[in-house]
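This report walks through one model, from its core outwards to its chain contacts. The sequence and structure come first.

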Amino acid sequence: MLILECPCCGVKGEETEFAPGGEAHLKRFGPGSSEDDFHAYLFEKENPRGVHFERWRHANGCGKWFHAARDTLTLEVFGTYPAQTAEPPKDIRDKIAARRPGWRWREFS
Amino acid sequence: MSTRLGSGGRLLRRDRRIGFSFNGKRLSGMEGDTLASALLANDQMMVGRSFKYHRPRGIVASGAEEPNALFNMGAGARFEPNQRATTTELFEGLEVQSQNHWPSLEFDIGAINSKLARFLPAGFYYKTFMAPRSFWKHVYEPFIRQSAGLGRVPKDRDEDRYEHFYAFFDVVVIGGGTAGLTAALAAGEAGARVLVMEQTPHWGGRAPVDGGEVAGAPVDKFVDESVAALEAMGNVTLRRRMMGVGVYDHGYVLGYEQVRDHAPGTPGPRHRLWRIRAGQVVTATGAIERPLSFAGNDVPGVMLASAVRDYAVDYGVSAGDRTVVVTNNDDAYRTAITLKNLGLEVPVILDARAAGGGALMEEARGLGIRVETGKAVARVRGGRRVEGVAVCAQAGEGAVLEEIRCDAVAMSGGWSPVVHLWSHCGGKLIWDEAHAHFRPDVDKSPTGADGKPFVIPAGAANGALDLASGLTDAHAAGRAAAAATGHKPGGKAAAPEAAPAPEAPMAAVWLMPQGAKVQLRMKAWLDYQNDVKVSDIQLAAREGYASVEHAKRYTTLGMATDQGKLSNINGLAILSDALGQPIPQTGTTTFRPPYTPISMASIAGQARGALFQPLRRTPMHDWHEANGADFEPVGQWRRPYTFRRGQESREEAVHREIGQVRGSLGLLDASTLGKLVVRGPDAGRFLDMLYTNMMSTLKPGRCRYGLMCSENGFLTDDGVVVRLDEDTFLCHTTTGGAESVHGHMEEWLQTEWWDWKVHVANVTEQYAQVGVAGPNARKVLEKLTDDDISAEALSFMGFKEITIAGIPARVFRISFTGELSFELAVAAGRGRALWDALMEAGAEFGVMPYGTEAMHVMRAEKGFIMIGDETDGTVIPQDLGLGWAISKKKADYIGKRAQERTHMTDPNRWKLVGLETLDGGVLPDGAYATARGVNANGQRNVQGRVTSTYHSPTLGRGIAMGLVLNGPDRMGEVLEFPRVDGTVMKAKIVDQVFYDKDGEKQNV
Amino acid sequence: MSEAQSAMPGAAFEGAHTVRETGLCGMITLRGDLGASAMAEAVRDAAGTAVPGRREIVHEGASSVAWMSPDELLVMTEYARVPEALAAIGAALKGAHHLAVDVSDARAMFEVTGKPGAVREAIAKLCPVDMGHDAFAPGQIRRTRMGQVAAAFWMVDEGTIRVVCFRSVAEYVFGLLRDAGLPGGEVGLFG
């Protein structure tokens, strides 16, 4: 069972305090978007063996959403950061690079 | 025969006798006994029958690895099957029954299977119960069920209490032997918060039995001093009778504390499940001795050499007067020496090694014990107990050289580190050729949240089998664990020093004798509990089960309640040999928690009975309970389904309630509806995105029905939105929807539109809400308020703040029944008072409470949809004829893009219509309307299905709603709905509004 | 005019620790910019305290203010004072984007008292929270899961813990707290 640190309230809690919310940094496609873009937005989710960016909500806690960078294989958590961003912050990406040289995830590396 | 010796028994209090019963026989033991030692003291050598062949079985081990001595234990509300005698502390009045035999342990019909063993090989069930298919259910399954399982299933409710406990430590040491204590001391002295758990009631592990010296004093003294030193440390917690169940991700460890198993009936929880977070875990779990595979190694009286020694030293119990020792290593000599020193006979030590042992062999010989090197057991003589052994050369095929009479056999095939907890979370193993065992590969440790190793094996669990190297290893492990959790190693820099006790190398012996013929291999057991023999594994290999995981499942090796603690290595060695490959290439099966079985009740903890799950109650719940409510679960809420009176059936009660609402006045407890306050300058804009309707144009003081969809277009929730003021909306959700809709709103606000100025608060439980419905609804309210609630002052879909029965309230003019209806919301603390006032004031109108079923019927009469009935996660609002609630003006809302996808706009999507049965009966819920022809699977084609169906007392006939292909264009057509009994019901497609189509009744 | 009723008036238990329902407490959910000076003014006017820091709770007389999330406070005061406190907040934050709603009736509050170690132990049996002296102390508030429901708690002093949960699950939470204190269940981890 994972331990995550909520970047919003600072609590380091166990998984049962949190609710998972799927892939992070999705770009929303609304009316006017192409069939392909919309389909990809809804259904084509990353499912990597390794570095992954996810959304979590501190559901039994401060109620805030946040992002987590995590290795799905080793479960190492590289860091958590607020949800109000369109891309992983540099310090998180640097940390991943130090631990997993050459990592790639969608358009990020 | 096994018996209690006249003296000795390190753990006994000989002056305290304890009475217990075995299969109804009254027996007596001593305080300090385990059930196993007490049974042996009473010469109860045979303790059960094996699973498949029903062979007589005796106690093999002295600890958690015991495969045979499993019992039905206790009675009534304290009955539990499959309890291990070796880990059960004896207490006064303990009742046990042996398992797996009928009619009795001594005479068992099932033992015939033993004679048929040739016909019951590995994979017997798979091979036999295949055809004919018609036999599966009524012949094979009953047969398999009859013969499967060990103990009985408890019948009574468990009367004990169980609990969880969340605890956090820097270092958790699992195992309280010399290694665990040493590691804990090293970590504790460094200042780490340390927990040490020991599964038995005693500290020190095997050391006090095995002997040795630490710092020039007997090892017992070292154990006592270590425990005393740890107890004196404020940062160290010591728990006995607590087993390390499993090691999980991110340092999560489960500890199973058997708080009162040894003293049942005393106040307190029986088991406590510790849910622990550890910075570092030290697995000081020791090692388990392996049996040797020779013919008859399952005859009662054949035991592990270490167990024979334990029973003698710890409990003053001898397994037999004449014990033959058979071994491939030096350690078993300690058993022979111990027995000899107690005055018992050891006719011979059969050492499979051609060169024999070292110093211990010399010591044994010095005591006058005959030692035969290069020799083996050809077979054990005896059925229900050992009568003798036939001796052969280990190198040969089993030609008998000599018969030796004895009543016990102590065997040792070497020691395997207990690597389970190391392995649970991904720790890897390496093969140690010298000791012929797997031990932790310390370079491939499980890693935690920070990506760093968090498990450190220590002592025998790390392959450091002898006392001296074990202490050194454990001391280093404790220091490393402290350092890894940020503590500077303090205390002694050097490990406690034990006197070295050099031993001759062991030799791997996987089959005895090495060239044993099939007749012997068929009697050489690997897995006692599941009855798997050497020949079964070899057969599996021949049949192509080359993977150890496949061979395990095919033969059931290691799948019993002991999870192969004794059989694992021996089995995979045989498999490797059969496959002609080295053991590391075969590998081990996966070690999974729990280490030994734990009680289901401990997993549930407090979550049982009234606390099984939270039941949500409204402020009027007590009134409902006192007034005949039949409750139904709606999420975690309990809502009255109907309020029965006297001998009424549920249906009669529902019809009475509907009649009352339609005719006069009824009250509904609507407190469970979700209520979310949405406030801020961007609140209107935000709700325009959340609902399909336009909410930003709603005028303050007005209500609007709204639909909410998921991003993939499907209808997820509905409810009335009220604009309280320019910046503030109150959104009602379905009963089950408050938390999820709240979460949905926060999700979009926090992760997509975080710059929008909107706040949301869930105020569901702040308000008690009462629906007041019926032609007399206004009259009853007017009796209780001076505020103007006339049709002019409070029109349909309006809202107002009033004072009613002296209570400040919001009143909404909304209707789900089709009648004149008001919903009153008051502070939850005043809800009951409001309810009472309405009941009293309504008496002259014959007021009645009505339940959810009456509400459902009435809404169906009006053709209103219900989330969860008309929707199922695949339905879009357009399917339900709710186009009027979907704004055409908005550029966007959640779900809009999805609803433009081709299959969403497909004219052939099933659409909502009303269904009127031709015979006036009620359609079955969920029934399908059939169409011509069959589909690719040969099933009837369908063209629609029933989503809601009721008997309408108002109309005196069955009414239904359903989704039907091109339904709205087929008014008047008759559809056929087959029922489960094969008959067909016919129903006509009609408009779904059955009652008061023009809404005149609600709008007065 | 009837008196407002709390969820479980008079509910009490005595065992390894005692549990009692505190009765209705005035509570206001206050959301907005916690760093704004108007917010400081609103909190001071409503409860007489400063704005608490992250995961802290501050007390003044019969009022307390707890930090619930980066943009949310829970203002607690006497039940009857809520309209007054709401008015004060409304005045101080007039024109500022905020939300202040009365949630007094939406909650139930319990007080657990006993020996210092015992009250910590009661929570440790129910919540996945480190209740060690170094990890949790008076002045802090923790929102978490208690059994299967959301709850928050804080220590008034070493022998007193207050627990807040939703009103509808009051019986469940009371049952959990009660069972955690049944005789013979003492663990003794916290001294």
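## Core, chains and contacts

B:Leu834 touches seven residues beyond its sequence neighbourhood of four places: B:Ala768, B:Val770, B:Ile804, B:Ala805, B:Ile807, B:Leu824 and B:Val826. The model is predicted. B:Leu834 also belongs to the largest nonpolar core, which has 276 residues. With B:Ala183 and C:Val173, B:Leu834 touches the most other members of that core. Both domain 1 (12-23 + 106-179) and domain 2 (26-105) of chain C give residues to this core, so the core lies between them. Apart from it lies another core, of 102 residues. Among its members are B:Val317, B:Val348, B:Ala516 and B:Val532. In soluble globular proteins, nonpolar side chains tend to be buried together.

**Chain C.** The secondary structure of chain C comes to four helices and 11 strands. Of its 191 residues, 55% are buried. A compact globule with 191 residues would have a radius of gyration near 16 Å, and chain C agrees, with 17 Å. Along the principal axes, the C-alpha atoms of chain C fill a box of roughly 55 × 45 × 30 Å. Take the contacts in chain C between residues at least 6 apart in sequence: 62% of them join residues at least 24 apart.

The domain assignment splits chain C into domain 1 (12-23 + 106-179) and domain 2 (26-105). Their centres, taken over C-alpha atoms, are separated by 23 Å. Eight residues from domain 1 of chain C and 10 residues from domain 2 of chain C make the contact. On the domain 1 side, three residues are nonpolar, two polar and three charged.

**Between chains.** Chain B puts 39 residues in contact with 41 residues of chain C. On the chain B side, strand 9 (162-174), strand 36 (674-679), strand 40 (759-762) and helix 24 (831-841) each supply at least two residues. Strand 9 of chain B gives the most, with six residues.

In the contact between chains A and B, 22 residues of chain A meet 22 residues of chain B. Helix 1 (35-43) and strand 4 (51-57) of chain A each supply at least two residues of the chain A side.

The table gives the make-up of these two sides by class.

| Side | Nonpolar | Polar | Charged |
|---|---|---|---|
| Chain A, touching chain B | 11 residues | five residues | six residues |
| Chain B, touching chain C | 17 residues | 12 residues | 10 residues |

**Two sites in chain B.** Why does B:Gly448 count as buried? B:Gly448 has 25 C-beta neighbours inside 10 Å, and 20 or more are enough to count as buried. B:Gly448 sits in the loop between strand 29 (437-440) and strand 30 (455-457) of chain B. Leaving out residues up to four places away in sequence, B:Gly448 touches B:His250, B:Gly251 and B:Phe454. B:Gln280 is 168 residues from B:Gly448 in sequence, yet 9.2 Å away in space, C-alpha to C-alpha.

Helix 12 of chain B covers residues 467-484. At 1.5 Å a residue, its 18 residues should span 26 Å. The end C-alpha atoms are 25 Å apart, which agrees. Of the 18 residues of helix 12 of chain B, 13 are buried, so the helix is largely enclosed by the rest of the structure. Just after helix 12 of chain B, B:Gly486 takes a positive phi of about 85°.

Terms used:
Residues are numbered from 1 along each chain as its sequence is written. Chains are lettered from A and ligands numbered from 1 in the order in which they are written. This is a predicted model: local features need pLDDT of at least 70, side-chain atom pairs count only at pLDDT 80 or more; totals for chains, interfaces and linings use all residues. Two residues are in contact if their C-beta atoms, placed from the backbone, lie within 7 Å. Ala, Val, Leu, Ile, Met, Phe, Trp, Tyr, Cys and Pro count as nonpolar, Asp, Glu, Lys and Arg as charged, and the others, Gly among them, as polar. Domain bounds come from an automatic or database domain assignment. A residue is buried if 20 or more other C-beta atoms lie within 10 Å of its own, exposed if 12 or fewer, and partly exposed in between; C-beta atoms are placed from the backbone. The expected span of a helix is 1.5 Å times one less than its number of residues. The radius of gyration is taken over C-alpha atoms; the globule rule is 2.2 Å times the number of residues to the power 0.38. A nonpolar core is a set of buried Ala, Val, Leu, Ile, Met, Phe, Trp, Tyr and Cys residues joined through C-beta atoms within 7 Å.
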